[in-house]
Amino acid sequence: MSAHKLSLTLRAWCAFSLTAAAAMARPDSHAPIGVMGDHTHDRGEWMTSYRYMTMSMGPNYNGGSSITPAEVLADFMVAPLNMTMDMHMVGAMYAPTDRLTLMAMLNYIEMDMDHVTRMGMEFTTKSDGFGDTGLSALYSLIKNDSNHLHLNFGMSLPTGEIDVRDATPMGPNSLLPYPMRLGSGTYDLKPGITWAHYEGSWSFGAQAMGTIRLDENDRDYTLGDRLDLTTWAAIKLTDELSVSARLTYANWGDIEGADARLNPMMVPTARTDLRGGSESAALIGLNYEFPGGVGHRLAVEYGQVIDRDLDGPQLGNDDMLTLGWQWSF
Ligand SMILES: [Cu+2]
């Protein structure tokens, strides 16, 4: 091959790759960072990610209305006041074929909950450690410039501790109730379907995801099954930056069975029938993709719960913030 021909071939190849990269590389080709399993990869691609999520909960609700600690203390010895949860999530994705993307996610969770007793004494309990581990396969049904559709086959492994202890007025090493535990204790299936549509500078997406508990854990209870629905719209402001708006709806059941070591008269968080509910949230986010095809992305999403219906008294989720970094190669 002559030098001239070689240079033409190289130029044609570069032009082709740049066009392909330009078509795929848009900041909103990934959903807002709070959505999991939202995108697939092309054959041979890897991605690693780190997400930090912080969520605050409180006050207590019964149905859709907030109730005071005094109202909770009319029926219980202890009232939860508020709770924060911080999660560090490390993920890896790999696509063995264009159709199939594999995903794994490790979680490290830190939680703390403030309480007040009938005597007026306040105390805080903390728990931290690895949560349940996520493994999933994403199967792409449609993937072209304007539509992406894939199925999510997810599984959650019970790596999170359920015998979580801390000091309370009951004792220096008390067993903590259900919401302070780091995992479900059960193998869970997470089936889902995800769709994204691209139209000029705009994109739209939706995802439905279930959580189905497959068995009963070692402490004789099963967390409620869960349904998560979300839909979003994003607009590409520049080739690197997009802004998004998203709505979520979640519905989850009460606990079946019970950990017999907990006293359900003590505190609402020890009651298996005060765990279920539903909520809707509204979120706004930014996705930034570094220029030059280096494969790095940064994203942030913030939102607030706008409506809820809880089997109460139960602490309601209030607001949440997610920061993420993703690197594809
Ligand atoms: Cu990815």
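Thirteen is the number to start with here: 13 residues line the second largest cavity, and Ser-49, Arg-51, Met-93, Met-103 and Met-105 lie nearest its centre. Strand 1 (46–63), strand 3 (78–94) and strand 4 (100–117) are the elements that each give two or more residues to this lining. Please keep in mind that this is a predicted model. One of those central residues, Met-93, also turns up at the copper ion, as a donor through its SD atom.

**The second largest cavity**
- The volume of the second largest cavity is about 80 Å³.
- Its lining is made up of six nonpolar, five polar and two charged residues.
- In total, the structure holds four cavities of 30 Å³ or more.

**The copper site**
- His-39 (NE2), His-41 (NE2), Met-47 (SD) and Met-93 (SD) coordinate the copper ion at 2.0 to 2.4 Å.
- The arrangement is tetrahedral because the four donor atoms subtend angles of 104 to 122° around the copper ion.
- For comparison, the ideal angle for four tetrahedral donors at a metal is 109.5 degrees.
- If you want to find the donors in the sequence, look for the spacing H-x1-H-x5-M-x45-M along the chain.
- Both His-41 and Met-47 are buried.

**The second largest pocket**
- The second largest pocket offers about 280 Å³ of space.
- There are 18 residues in the lining of this pocket, and Met-170, Leu-175, Pro-177, Met-266 and Val-267 are the closest to its centre.
- Strand 5 (122–130) and strand 9 (171–175) are the elements that give two or more residues to the pocket lining.
- By class, the pocket lining has 11 nonpolar residues, six polar ones and one charged one.

Definitions and conventions. Residues are numbered from 1 along each chain as its sequence is written. This is a predicted model: local features need pLDDT of at least 70, side-chain atom pairs count only at pLDDT 80 or more; totals for chains, interfaces and linings use all residues. Side-chain values use heavy atoms; hydrogens and water are left out. On a 1 Å grid over the protein atoms alone, a cavity is a set of points where a 1.4 Å probe fits but cannot get out, and a pocket is an open set with protein on both sides within 12 Å along at least five of seven lines; lining residues have an atom within 4 Å of a point. Grid points are joined across faces, edges and corners, and a volume is the space filled by probe spheres set on the points. Helices (H or I, at least four residues) and strands (E, at least two) are DSSP runs, numbered from the N terminus. Ala, Val, Leu, Ile, Met, Phe, Trp, Tyr, Cys and Pro count as nonpolar, Asp, Glu, Lys and Arg as charged, and the others, Gly among them, as polar. Donors are N, O and S atoms within 2.8 Å of the metal (3.2 Å for Na, K and Ca); water is not among the atoms, so sites may look incomplete. Four donors count as tetrahedral if all angles lie between 85 and 135 degrees; four count as square planar and six as octahedral if opposite donors are over 155 degrees apart and all others between 65 and 115; anything else is irregular. Buried means under 20% relative accessible area, exposed over 50%, partly exposed in between (1.4 Å probe, protein chains only).
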